[in-house]
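Biologist: Hey, could you walk me through this structure? I'm new to this, so plain words please.

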Amino acid sequence: MLMRRQFVLTLILMPITFGIWYAAGSLFAAPAVWLTDFLMSSAYPNIVEAAGLQGAEMMVRTQFGEDGGVIMAATDAGNHIALDINTRLISYSIAFYAALLLASNLKDAMYKFCIGLFWLWLIMAFGLASILGKDLLLMAGTPFLDSTGVPPADLIALIYQFNVLLMPTLAPVCLWFWQLRGSPLWEALAADIRRASARA
Amino acid sequence: MGRFLLLFCGVLGGLFAIEMLKPVQEAVIQPFTGLLAALSTAIILPFDDTVIAQGRILRDATTGFAVSIEAGCNGVEAAIVLIAGVVAFPASVKHKIIAILAGFFFVQALNIVRIISLFYLGQWNHDVFEWFHLYLWPVLIMLDVLVVFAVYLQWLGKQHPEGNPA
């Protein structure tokens with residue numbers, strides 16, 4: 001019964017949380033973008049110069065440039081290629097997580113939401129870095145793959161698929177489940193689990 | 001709980017990596033995605049005879065509008081999450097197989113609703129299409145996985161009432 005209420009309430013709350021998330025624009029994505037900027041420009045200074053927010057887009061100034069249709073180092077080309085990445089492709093996980101958490105009516109919901117938000121920002125940073133890796137692979141190709149510390153193309157594709165197709169929906173569920181502990185819904189779920197695994 | 005988490009992550013990562021392999025993509029994923037497009041067309045055709053399926057593409061012959069079912073849109077990733085959860089949770093092999101088959105069916109049933117809805121939303125309004133495609137439908141599919149897993153746990157509990165182990 002509690003689980004049914006959880007799902008129905010989540011569906012009812014989703015238009016509200018998604019509306020707030022969309023209206024907030026870059027607000028929910030900003031910390032993840034800053035973290036991505038720090039991670040990528042520290043780990044790959046020869047590839048990423050800087051990343052920042054422009055509306056809901058993450059603008060990345062790369063160390064690659066273009067001359068006559070050929071991708072080369074920005075210092076040789078005399079220009080920098082910039083990439084823009086839609087942060088909403090990842091940040092909708094926050095709206096989903098908020099709907100799940102609010103529907104559970106947990107104690108200290110706001111505190112739990114802040115903790116969850118912190119984790120989601122970390123996960124989002126990896127998601128944004130994964131999109132950047134995929135975009136650089138498609139845009140620059142060999143010069144990017146030949147750069148120091150860049151993983152093979154297949155691994156970039158796998159990481160992208162995992163972090164972009166799966167994590168934005170899976171991470172909120174995992175966080176919500178972890179924060180359910182001690183709640184009436186958790187007790188109901190635990191009873192189901194005990195019964196289900198009784199003979200296993 | 002620790003065992004469940006370890007198994008869940010292991011199976012999830014393993015299946016995800018297998019799904020990405022080129023031979024698996026060519027032999028399983030792409031034909032399956034084509035089948036989804038054909039199934040969607042078969043469902044739409046009695047109501048709208050202008051729809052045609054070309055491989056993974058669903059096209060409206062009148063307007064020329066088309067949607068291509070790509071990785072992430074075929075419900076395979078969601079099914080992998082469900083399979084990982086079912087495999088990781090302690091139960092008999094028979095129950096796991098039933099849960100995986102039934103769960104796969106329910107995930108794909110909703111996914112076909114997603115494909116059909118996107119096909120018409122795209123012809124109606126591109127912004128609404130983008131919203132549903134990129135943000136809402138992935139969440140609804142994951143909720144579907146969660147519902148299926150919750151129902152599976154309740155069903156397992158009914159199969160093995162507490163205090164009556166065999």
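Modeller: Here is a chat about a few residues, the salt bridges and the pockets. This is a predicted model, where local features need pLDDT of at least 70, side-chain atom pairs count only at pLDDT 80 or more, and totals for chains, interfaces and linings use all residues. Residues are numbered from 1 along each chain as its sequence is written, chains are lettered from A and ligands numbered from 1 in the order in which they are written, and side-chain values use heavy atoms, with hydrogens and water left out.

Biologist: Okay, where does G116(A) lie?

Modeller: G116(A) is part of helix α5 of chain A, residues 109–140. Helices (H or I, at least four residues) and strands (E, at least two) are DSSP runs, numbered from the N terminus.

Biologist: And is G116(A) buried or exposed?

Modeller: G116(A) counts as buried because its relative accessibility is 0%. Buried means under 20% relative accessible area, exposed means over 50%, and partly exposed is in between (1.4 Å probe, protein chains only).

Biologist: What does G116(A) touch, leaving aside neighbours within four places in sequence?

Modeller: G116(A) is in contact with Y97(A), L175(A) and Q179(A), where contact means heavy atoms within 4.5 Å. Q179(A) is 63 residues away from G116(A) along the chain, yet their C-alpha atoms are 8.5 Å apart.

Biologist: Switching over to S91(A), which side chain does its side chain make a polar contact with?

Modeller: That partner is the side chain of W21(A), at 3.0 Å. A polar contact is a pair of N or O atoms within 3.5 Å; within protein, one must be able to donate a hydrogen and the other to accept it, and residues adjacent in sequence count only if both atoms are side-chain atoms. S91(A) sits in helix α4 of chain A, residues 88–104, and is buried with a relative accessible area of 2%. Not counting residues up to four places away in sequence, S91(A) touches W21(A), A29(A) and M124(A).

Biologist: How many salt bridges does the structure hold?

Modeller: There are 2 over all chains; a salt bridge is a side-chain nitrogen of Lys or Arg within 4 Å of a carboxyl oxygen of Asp or Glu. In one of them, R61(A) pairs with E49(A), with the closest N and O atoms 2.3 Å apart. R61(A) is in strand β2 (residues 57–62) and E49(A) in strand β1 (residues 48–54) of chain A, so the pair ties together parts that are 12 residues apart in sequence. D135(A) forms a salt bridge with K134(A), with the closest N and O atoms 3.0 Å apart. D135(A) is buried at 17% relative accessible area, while K134(A) is partly exposed at 23%.

Biologist: Cool. What volume does the largest pocket have?

Modeller: About 1,100 Å³. On a 1 Å grid over the protein atoms alone, a pocket is an open set of points where a 1.4 Å probe fits, with protein on both sides within 12 Å along at least five of seven lines, and lining residues have an atom within 4 Å of a point.

Biologist: Which residues lie nearest the centre of the largest pocket?

Modeller: C174(A), F177(A), M1(B), F4(B) and L5(B), out of 38 lining residues. α7(A) gives the most to that lining, with 10 residues.

Biologist: And what's the volume of the second largest pocket?

Modeller: The second largest pocket has about 550 Å³, and 23 residues line it. The largest share of that lining, 7 residues, comes from α7(A).

Definitions and conventions:
Points joined across faces, edges and corners; volume = space filled by probe spheres on them.
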